[in-house]
Amino acid sequence: MFVQHFINALGLGALYGLIAIGYTMVYGILRLINFAHGDIFMLGAYFVFFATIQYKLPWGLGVAIAIVGATACGLLVDRIAYRPLRGAPRISALISAIGVSFFLENLAVVIFTGMPRAVVQPPWLMKPVILGEVRLIPLGLMVPVIAFVLVSGLLWVVYKTKPGLAMRSISHDIETTRLLGVSVDKIIALTFALGSALAALAGIMWALRYPRVEPFMGVFPGFKAFIAAVFGGIGSIPGAMVGGVILGFVEIMSVAFFPKLSGYKDAFAFVLLIVILLIKPTGLMGERMEEKI
Amino acid sequence: MKTAVRNAFLNLLILGALLGFLWWAPANLDNYKLRIINLIAINAILGLSLNLIYGMTGMFSLGHAGFMAVGAYVSSLLILTVEQKNTMWILEPIAPWLLHLQTPFVVSLVLAGLAAALVGWVIAWPVLRLGGDYLGIATLGFAEIIRILIVNLTPYTNGSLGLKGIPAHTDLWMTYGCFVVVLAFMVRLMKSNFGNVLRAVRDDEIAARTMGVDTFKVRVLAFTIGSFGAGMGGALMGNLITTIDPKMFTITQTYSVLMIVVVGGLGSITGTVIGSVLITVMLEWLRFVESPIRMGAFVVPGVPGMRMVLFSVLLIAVIIFRREGIMGTREFSWDWFFPKPAKTTQTKEARE
Amino acid sequence: MKRCFLALCVVLVAAGVSFGADTIKIGVVATVTGQNAFGGQLELEGMQLANKLYPEALGKKIELVPVDNKSDKVESATAATRLIESDKVSALIGPYASGPTMAAGEVAEKAGVPMMATAATNPLVTEGKKYVYRACFIDPFQGEAAANYVFNVLGYKKAAVLTDVASDYGVGLANFFKANFTKLGGEIVSDMKYQSGDTDFMAQLTEIINQGPDVLFIPAYFAEGAVILKQGSELGAKFRFMGGDAMDNPDIVTLGGEAVEGFLHSAFAYDPSMPEMNAEAKAFTEAWNKEYPGKAPNANAAMGYDAYILIYQAILRAGKSDPQSIRDELEKSTNVPTVTGLTSFSAQSHDPVKDLGIVEIRNGKKSYIYTIKP
């Protein structure tokens with residue numbers, strides 16, 4: 001029983017973590033809560049749906065198309081809605097982000113209609129493996145593994161490559177970085193591209209795990225993942241992953257230990273969030289951000 | 001001195017025009033238009049209260065929907081009749097003490113505000129130690145917790161079934177009465193010394209503290225007053241629609257108030273009023289794209305969802321072209337319409 | 001640029017409001033976007049089909065005026081106000097789901113315009129209302145019938161319930177099911193909850209599996225219900241699943257795949273797989289297949305169709321098309337043949353007494369297997 005819950009929690013948490021990374025990367029650099037992130041996630045899921053289910057392309061190709069498509073959308077969003085607002089009050093960019101989020105959701109309603117569509121899962125991903133009382137499906141195992149690999153790769157990019165160095169530098173001081181001759185806009189675009197690609201991957205896995213796509217599918221996971229990012233310390237990539245896993249555990253374990261209170265499930269998560277923020281205001285693994293003086 | 005008399009006269013004139021409009025409108029406009037006009041006033045009240053918290057005092061709060069929910073529920077529970085309460089709680093019986101609790105609408109409105117203020121005050125103590133976006137997230141967390149409590153505490157709130165058939169008392173006089181009171185309060189507040197203290201806390205907390213201002217207390221007070229406004233606005237909103245349920249008070253509700261405040265101009269009372277007119281009217285008016293459009297012999301079929309697509313494009317465009325909002329932090333002033341005598345401005349500048 | 005756009009819009013709006021007096025307008029608070037679009041879209045198609053078959057009354061053209069409610073309560077009230085005030089409709093057809101219907105109903109009641117709810121099964125929808133009617137049965141009956149069927153026909157004694165606490169439909173129906181099931185002598189072994197928007201039900205399902213019920217009752221909307229079924233089969237649940245009318249959707253097999261095999265749900269008494277159809281149901285099925293080839297006729301569309309028919313018949317009987325006459329005639333409806341059976345209203349009750357069907361997914365197809373008479 002407990003092992004089953006544990007595995008469920010890990011699978012859910014890893015997905016939250018994957019989405020959370022996109023929030024955390026953009027926030028770390030621009031101090032912008034990119035509300036449109038959940039909708040890029042939705043677009044990624046739709047792209048893979050159309051490629052593989054509608055047009056019967058092989059899954060590998062479908063995944064590639066989804067990643068490229070979502071990345072392009074992410075770049076476009078940055079170019080049109082965020083770049084003109086660099087240097088504007090942060091709240092303006094935030095409202096623009098809310099606007100983009102409304103736009104993408106409703107554009108999806110207009111283009112794809114509001115009907116949820118079924119995603120047909122490849123059967124080998126779903127064939128259960130039974131170990132005593134525990135049932136595992138390959139997909140459930142794959143999600144945490146892929147998440148781990150992606151995070152490692154991302155950490156490598158951020159800490160071992162030149163663009164990564166530039167990203168970290170921008171997050172500390174955007175003006176000085178610009179003076180050093182770094183093309184700030186390009187690096188920010190790169191950040192959006194990476195974040196969107198991750199969102200698309202998360203979207204694909206989400207669509208496989210909870211097999212349907214619909215225009216508002218990004219709203220709740222996006223919201224939860226954002227909470228997860230704050231849990232872990234927004235701005236920190238390992239923090240986002242840790243936050244995601246913690247959130248997954250809180251959601252699953254609160255139901256497991258207090259089945260009578262399952263209606264209060266989300267409240268548990270929020271109470272924990274507030275407690276963490278009060279004890280450690282920058283989240284579990286967040287760095288202290290400089291105070292504006 | 002002369003300008004003060006002039007301004008007082010002009011203000012009275014505007015008030016008179018508003019009164020005239022309120023007297024004229026119910027008989028001459030249809031209910032749909034009246035509903036939108038009512039909504040404008042309610043949105044303005046909500047916007048002004050958020051503007052006090054965020055725009056004036058610099059506390060990024062995403063908890064407005066939670067305070068609105070408290071207000072809407074308190075007020076509605078107080079004006080529902082015993083008979084209605086008996087029939088509506090079909091899942092679990094209503095808490096006995098609540099059954100016979102009843103007050104007139106105006107009293108319920110004040111109590112709604114007070115209840116929301118109390119909740120705001122209780123929340124303020126822990127969360128206002130946080131700053132920036134973290135404050136936003138913590139307040140959002142509290143708003144969600146309030147919503148989840150409403151969903152689950154069926155004996156008091158009727159859970160997700162919500163309350164319906166709330167006796168309607170909101171007409172133009174009520175909503176605009178409240179609006180004028182809130183507006184006047186805000187204008188007086190921001191002109192007073194306390195208003196300067198608020199701005200000081202927002203612009204430079206450390207400096208304010210050095211000047212001997214207990215910044216934490218000031219923030220708690222502003223947050224509590226703002227919550228009062230949100231509670232009252234929520235109560236009016238619930239009463240206008242005459243049915244409420246927890247789903248009405250999600251983060252989307254907070255966003256729409258935030259949008260009004262930011263589009264109007266953060267920190268500007270005038271801006272919030274303009275923003276609420278603009279956003280409320282725009283949302284309704286854009287509906288035409290979703291119904292079939294006849295142009296002579298051609299019929300362009302309406303596209304569902306198109307309204308919000310256009311709305312979001314307009315929203316983004318406004319923010320990009322006027323990044324500080326329509327008014328920025330400026331306020332409306334009668335001086336706009338009169339050429340300023342050069343001498344007075346000089347002395348004013350000299351004094352500063 | 002902006003001014004041009006404004007001017008253009010004004011022209012468009014002005015062009016839009018040119019009507020003749022020779023039309024009767026029926027407003028539809030439609031649910032074509034948002035979370036309930038899957039059901040609302042089908043309902044609207046049903047109404048449009050009915051409108052096509054019966055386009056005229058009293059020598060006037062009947063025009064359907066749909067306004068979307070985004071699956072939202074406040075939007076429903078606004079949409080209803082707009083339809084009544086700006087479009088001057090003679091009658092309204094309500095949105096999908098009970099919550100939005102209640103919001104629109106308040107407006108209709110105050111304005112004195114009759115409204116016909118389609119699939120809003122919560123008892124509060126018509127309660128105390130003079131102008132609100134509905135074309136479907138109500139949840140106390142549905143919950144009782146479902147409990148009866150599970151306990152007496154299938155012989156299951158232990159049931160579990162998984163409810164969306166944030167959905168008024170869900171908590172209502174779950175409540176009536178639980179009450180009746182325990183009254184019959186059955187036992188509710190697990191009563192779990194989730195919130196609208198959740199996609200992961202693994203924790204709740206693992207708990208329920210642990211309690212070993214014979215059947216799990218899920219009063220969910222279709223989009224979530226299908227995912228619950230999937231995850232249940234993933235976790236190797238051995239018990240039966242049963243849903244309510246909101247699980248009735250032609251896409252269920254596409255969305256649920258093998259996981260929905262053996263799934264049961266209660267339904268408005270119409271399904272293309274019905275062994276015996278009444279004349280109205282036959283006509284509807286035939287017309288639907290002609291109008292929407294390749295798309296299965298379904299109960300949602302049937303409810304939209306029925307709502308239109310009930311208003312249409314009332315207009316014919318009244319010989320007038322003003323809201324008050326339509327309302328008065330609606331109340332006198334006796335045994336009006338509709339797709340889901342004979343519909344009658346009275347001054348005491350605006351809820352028709354109707355059969356309830358049980359649908360099972362067998363061999364990847366929906367099959368109508370049982371009828372419960374009230």
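Me: How many residues of chain C are in contact with chain B?
Reply: Happy to start there; this is a predicted model, in which local features need pLDDT of at least 70 and side-chain atom pairs count only at pLDDT 80 or more, while totals for chains, interfaces and linings use all residues. Residues are numbered from 1 along each chain as its sequence is written, and chains are lettered from A and ligands numbered from 1 in the order in which they are written. Two residues are in contact if their C-beta atoms, placed from the backbone, lie within 7 Å. By that rule, 31 residues of chain B are met from chain C by 33 residues.

Me: Which element gives the largest share of the side of chain C that touches chain B?
Reply: Elements here are DSSP runs, numbered from the N terminus: helices (H or I, at least four residues) and strands (E, at least two). On the side of chain C that touches chain B, those giving two or more residues are α1 (2–16), β3, α3, α4 (98–111) and α6 (168–183) of chain C. The largest share is seven residues, and it comes from α3(C).

Me: How many residues of each class does the side of chain C that touches chain B have?
Reply: The classes are nonpolar (Ala, Val, Leu, Ile, Met, Phe, Trp, Tyr, Cys and Pro), charged (Asp, Glu, Lys and Arg) and polar (the others, Gly among them). For this side of chain C, the division is 15 nonpolar, eleven polar and seven charged residues.

Me: And which element gives the most to the side of chain C that touches chain A?
Reply: Here 32 residues of chain C are in contact with 27 residues of chain A. At least two residues each come from α2 (37–53), β8 (187–194), α7 (202–211), α8 (222–234) and α9 (252–256) of chain C. By class, this side of chain C has 13 nonpolar, 13 polar and six charged residues. With six residues, the element that gives the most is α7(C).

Me: Are α7(A) and α9(A) roughly parallel or roughly perpendicular to each other?
Reply: Axes are lines fitted to C-alpha atoms, for helices over the stretch in contact, with angles from 0 to 180 degrees between N-to-C directions. For α7 (residues 162–172) and α9 (residues 184–209) of chain A, the axes come within 10 Å and cross at roughly 100°. Angles under 35 degrees count as roughly parallel, over 145 as roughly antiparallel, 65 to 115 as roughly perpendicular and the rest as oblique. The two helices, α7(A) and α9(A), are therefore roughly perpendicular.

Me: Which residues in α9(A) are met by residues in α7(A)?
Reply: The contact of α7(A) with α9(A) involves seven nonpolar residues, one polar and no charged. From α7(A) come A:P163, A:A166, A:M167 and A:I170, and the residues they meet in α9(A) are A:V184, A:I187, A:L190 and A:T191.

Me: Which helix of chain B has the lowest mean pLDDT?
Reply: pLDDT is the predictor's confidence in each residue, from 0 to 100. Chain B averages 88, and 93% of its residues score at least 70. However, pLDDT stays under 50 over residues 344–352 of chain B, for which the model has one contact beyond four places in sequence. Among the elements of chain B, helix α3 (residues 64–79) has the highest mean (96), while the lowest (45) belongs to helix α16 (residues 342–351).

Me: How many residues of α3(B) are buried?
Reply: A residue is buried if 20 or more other C-beta atoms lie within 10 Å of its own, exposed if 12 or fewer, and partly exposed in between, with C-beta atoms placed from the backbone. Helix α3(B) is largely enclosed by the rest of the structure, because its buried residues number 16 of the 16.

Me: Is C:Y270 buried or exposed?
Reply: C:Y270 is found in the loop between β11 (264–268) and α10 (279–291) of chain C. Not counting residues up to four places away in sequence, C:Y270 touches C:A281, C:A299, C:A302, C:V339 and C:T340. With 30 other C-beta atoms within 10 Å, C:Y270 is buried.

Me: What is the phi of C:S71?
Reply: Most residues other than glycine have a negative phi. C:S71 lies in the loop between β3 (60–68) and α3 (73–85) of chain C, and it counts as buried, with 25 C-beta neighbours inside 10 Å. Although C:S71 is not a glycine, its phi is positive, at about 60°.
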